[in-house]
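Me: Please take a close look at the aromatic rings in this model, and at what surrounds them. I would like one connected account, with the cut-offs spelled out.

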Amino acid sequence: MFQIDADLSSLESGVWEEYQGSKFLIAHISNVKFQRALARYQQPHRRKITEGTLDPEKNKEIVARAMSEAVLLDWKNVVDASKQEVKYTPQLAYQALMRDPEFRDFVSEFAMAMSNFKSAEVDEMGKP
C-alpha cells in the first residue's frame with residue numbers, strides 16, 4: 001500500500017549498512033546534496049560528457065568525489081593496514097571508493113535501491 005506521507009528523510013540522512021564487518025552510513029543517490037556535488041564536479045567536463053568522449057577514469061573520479069561528499073556519509077569499524085581504526089573523512093572515503101571497485105559497487109548499489117531507505121513501518125503496511 002502506498003503511503004503518501006511516508007517519512008523518507010533517510011534519503012538525505014542515510015541508513016547504516018554492514019559490509020565486511022564494518023558499518024557504513026549511506027544516503028540515497030537521489031539526494032540533492034549528491035546531485036549538486038555531481039553537477040559541480042562534472043561542470044568543467046561538460047563538453048566531453050555531452051560528446052561522449054570523457055575518459056572513463058575521469059568519470060569514475062568525478063562520481064567517487066561526489067559520493068564521498070554526499071552518499072557515503074560515515075563509517076564505523078574501518079581499519080587501516082596496521083589494524084588501527086580510521087576515522088571517517090570525505091577524503092578517506094574518496095580514496096576507499098577509488099581503490100576498491102567491489103566497495104564502490106556495494107555503496108553505489110545500496111544507494112540506488114529505494115527499498116533500503118523505506119522505513120520498516122511503511123514496508124509492513126504493504127504486507128497482507
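Reply: What follows begins with the chain as a whole and then turns to the rings, a buried serine and the largest pocket.

This is a predicted model, in which local features need pLDDT of at least 70 and side-chain atom pairs count only at pLDDT 80 or more, while totals for chains, interfaces and linings use all residues. Residues are numbered from 1 along each chain as its sequence is written, and side-chain values use heavy atoms, with hydrogens and water left out.

The protein chain has seven helices and three strands (DSSP runs, numbered from the N terminus: H or I of at least four residues for helices, E of at least two for strands), and from the N terminus on these elements run α-β-β-α-α-α-β-α-α-α. Of the 128 residues, 34% are buried, where buried means under 20% relative accessible area, exposed over 50% and partly exposed in between, with a 1.4 Å probe and protein chains only.

Rings of Phe, Tyr and Trp (its six-membered ring) pair if their centres lie within 6.5 Å, and planes under 30 degrees apart count as stacked, over 60 as edge-to-face and the rest as tilted. By this rule there are 10 aromatic pairs. One of them joins Phe110 and Phe117, edge-to-face, with 5.7 Å from centre to centre and 65 degrees between the planes; both residues are buried. Ring pairs link these two with Tyr19, Phe24, Trp75, Tyr88, Phe103 and Phe106 into a cluster.

Tyr88, a member of that cluster, is also touched by Ser68, whose other contacts include Pro90 and Tyr94 (heavy atoms within 4.5 Å, not counting residues up to four places away in sequence). Ser68 lies in helix 4, residues 56-70, and is buried, with a relative accessible area of 1%. Tyr94 in turn has the charged end of Arg65 over its ring, 3.6 Å from the centre, and the charged end of Arg40 sits over the ring of Tyr41, 4.9 Å from its centre; the rule asks for NZ of Lys or CZ of Arg within 6 Å of the ring centre and within 35 degrees of the ring normal.

Phe24, another member of the cluster, leads to the largest pocket: among its 17 lining residues, those closest to the centre are Phe24, Val78, Val79, Ala96 and Asp100. A pocket is here an open set of points on a 1 Å grid over the protein atoms alone, where a 1.4 Å probe fits, with protein on both sides within 12 Å along at least five of seven lines, and lining residues have an atom within 4 Å of a point. Helix 5 supplies the largest share of this lining, four residues.

Conventions
Points joined across faces, edges and corners; volume = space filled by probe spheres on them.
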